[in-house]
Amino acid sequence: MQPTEVTFGVGLKQIGRTYVEEVALIIYVPEKRPEAQLAPQVAIPRTWEGYATDVVESNPEPVALVNDSAFFNAPRGGVSIGWEDPFQVHIGTLGCVAQRRSDGARRLLTADHVTPALGSDMFQPQPGAAQSKLLGTVEAQGTDWDCAILAPDPGRGTPDCSVLDIGALPGSSTAPPGDHVWKAVRKRGRATGLTSGVVVAHMSPGQVGIERLRVDTFPFGGLFLWHGDSGSVLVNADDEVIGLIVQGDAMQPSTTSTNPTAAIGLALPIAPVLNELSVEIGVNPPVITGINPNTALGVLGNGGKATITGRGFDASTTVTFNGVGALSVVPASPHGLVVIPPVLGLLGTTVPVVVTNAFGEQSPPGPQATFTY
């Protein structure tokens, strides 16, 4: 039994085919043998550092690649994108919709190495695929980080700020990259579809000058990604974006199948990616997280203005107080608006505040989206 044939996990101990309520360190092997047939140096002890052990046979079939080439008129994350040069078609994944910090305009986030030169066209699903259609043009590419954004083609539908098989995104995580180690994550890529794993390391910049998150499947040793998944966004258990997939590691093709058997993912932490491109993760509909001041008296003491914080704002955002439009709305970023509330004869009354973006999407109600006159 070679070390590369063994994988490890933590879970419920098995006796025969029955699980028992005892957490054990599980060693998965291709063939389980009686202890009497094993040399002492390869026999698994019954306990290890106080934990019970369990040896389980595991012979997984290679994971079939999805190689998804479905067409979506409205751009969204997790779908196939590509471009063509005179020699070949280059294929990758659209990570998610982003919003420019300058005006909140929706853009499409992916890895830089998935894209051609600035100003070049990209297609969805990819050139040569059924229904292939212009997706957009390359608007900006990272200088130090492997990231890029596309300006969506106006002929496509409204960019959808969700990821296929994952759903709506609430934004990006603000936690430091190291805090994601040993946390569950998911990604949706055009090659392998939706896969789950765990962040096993935060890799410091070192000689390459770029920090990365290393992601493995769990139990370890499976297929988290494959060629074509570059550009996917990595999300945590709350569906917050924590990284951008740019590379594979320990990639193992199968010797018995056309499908690979294992590959680890490498992702860039999302904060430097967003800073490099001056964007935020796109959110729809917009969300209000706070209003300050949130009373008419407070606004009077603040020069007549209030700041609305949240996500998903853009340059065409409008704001209403109890259905009446604000006297002024100045977008500060996709996360902030400076408004002058209307004058209403509702002394002592708390009213709802609603933000509407350029696409007619409205913020949901809630206690944080109210204003008191």
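**Exercise 1. How many residues stand between strand 25 and strand 26 in the hairpin that they form?**

*Solution.* This structure is a predicted model, in which local features need pLDDT of at least 70, side-chain atom pairs count only at pLDDT 80 or more, and totals for chains, interfaces and linings use all residues. Residues are numbered from 1 along each chain as its sequence is written, and side-chain values use heavy atoms, with hydrogens and water left out.

Step 1. Locate the strands. Strands (E, at least two residues) and helices (H or I, at least four residues) are DSSP runs numbered from the N terminus. Strand 25 covers residues 328-333 and strand 26 covers residues 336-340.

Step 2. Examine the pairing. Two strands pair if DSSP finds at least two bridges between them. Strands 25 and 26 pair in the antiparallel sense over five bridges; Val330, for example, has Val338 in strand 26 as its bridge partner.

Step 3. Read off the link. Two residues lie between strand 25 and strand 26 in the hairpin.

**Exercise 2. Describe the protein as a whole.**

*Solution.* Step 1. Count the elements. The protein has two helices and 28 strands.

Step 2. State the extent. Along the principal axes, the C-alpha atoms fill a box of roughly 90 × 55 × 40 Å.

Step 3. Consider burial. A residue is buried at under 20% relative accessible area, exposed at over 50% and partly exposed in between, with a 1.4 Å probe and protein chains only. Of the 373 residues, 43% count as buried.

Step 4. Consider contacts, meaning heavy atoms within 4.5 Å. Among those between residues at least 6 apart in sequence, 59% join residues at least 24 apart.

**Exercise 3. Establish the strand order of the open sheet that contains strand 27, and identify its edges.**

*Solution.* Step 1. Begin with strand 23 (residues 318-321). Four bridges join strand 23 to strand 27 (residues 350-356), and the two run antiparallel. Strand 23 is also joined to strand 24 by two bridges, again antiparallel.

Step 2. Use Thr320 as a marker. Its bridge partner in strand 27 is Val354, and its bridge partner in strand 24 is Gly325.

Step 3. Continue on from strand 27. Three bridges pair strand 27 with strand 28 (residues 370-372) in the antiparallel sense, and Val351 stands opposite Phe371 in strand 28.

Step 4. Assemble the order. The four strands form an open sheet with the order 24-23-27-28 and antiparallel pairing. Strand 24 (324-325) and strand 28 stand at the edges, each with a single partner strand, so one side of each is left without a neighbour in the sheet.

**Exercise 4. Is Lys187 buried or exposed, and which polar partners does its side chain have?**

*Solution.* Step 1. Place the residue. Lys187 is in strand 14 (residues 184-189).

Step 2. Check its accessibility. Lys187 has a relative accessible area of 0% and is therefore buried.

Step 3. Find the polar partners. A polar contact is a pair of N or O atoms within 3.5 Å; within protein, one must be able to donate a hydrogen and the other to accept it, and residues adjacent in sequence count only if both atoms are side-chain atoms. The side chains of Lys187 and Thr192 are joined by a polar contact of 2.8 Å. A polar atom of the Lys187 side chain also lies 2.9 Å from the backbone oxygen of Gly193.

Step 4. Add the surroundings. Not counting residues up to four places away in sequence, Lys187 touches, among others, Ile166, Phe224, Asp229 and Leu234.

**Exercise 5. Determine what surrounds helix 1 and strand 11.**

*Solution.* Step 1. List the buried residues of helix 1 (residues 270-277). They are Ile270, Pro272, Val273, Leu274 and Leu277.

Step 2. Identify their cover. It includes strand 8 (106-110), strand 10 (133-141), strand 11 (148-152), strand 18 (241-252), strand 19 and strand 20 (279-281).

Step 3. Follow strand 11 to its partners. Three bridges join strand 8 to strand 11 in an antiparallel arrangement, with Thr110 and Ala148 as bridge partners. Strand 10 pairs with strand 11 in the antiparallel sense over five bridges, and these two strands form a hairpin with six residues between them.

Step 4. Draw the conclusion on burial. Four of the five residues of strand 11 are buried, so this strand is largely enclosed by the rest of the structure.
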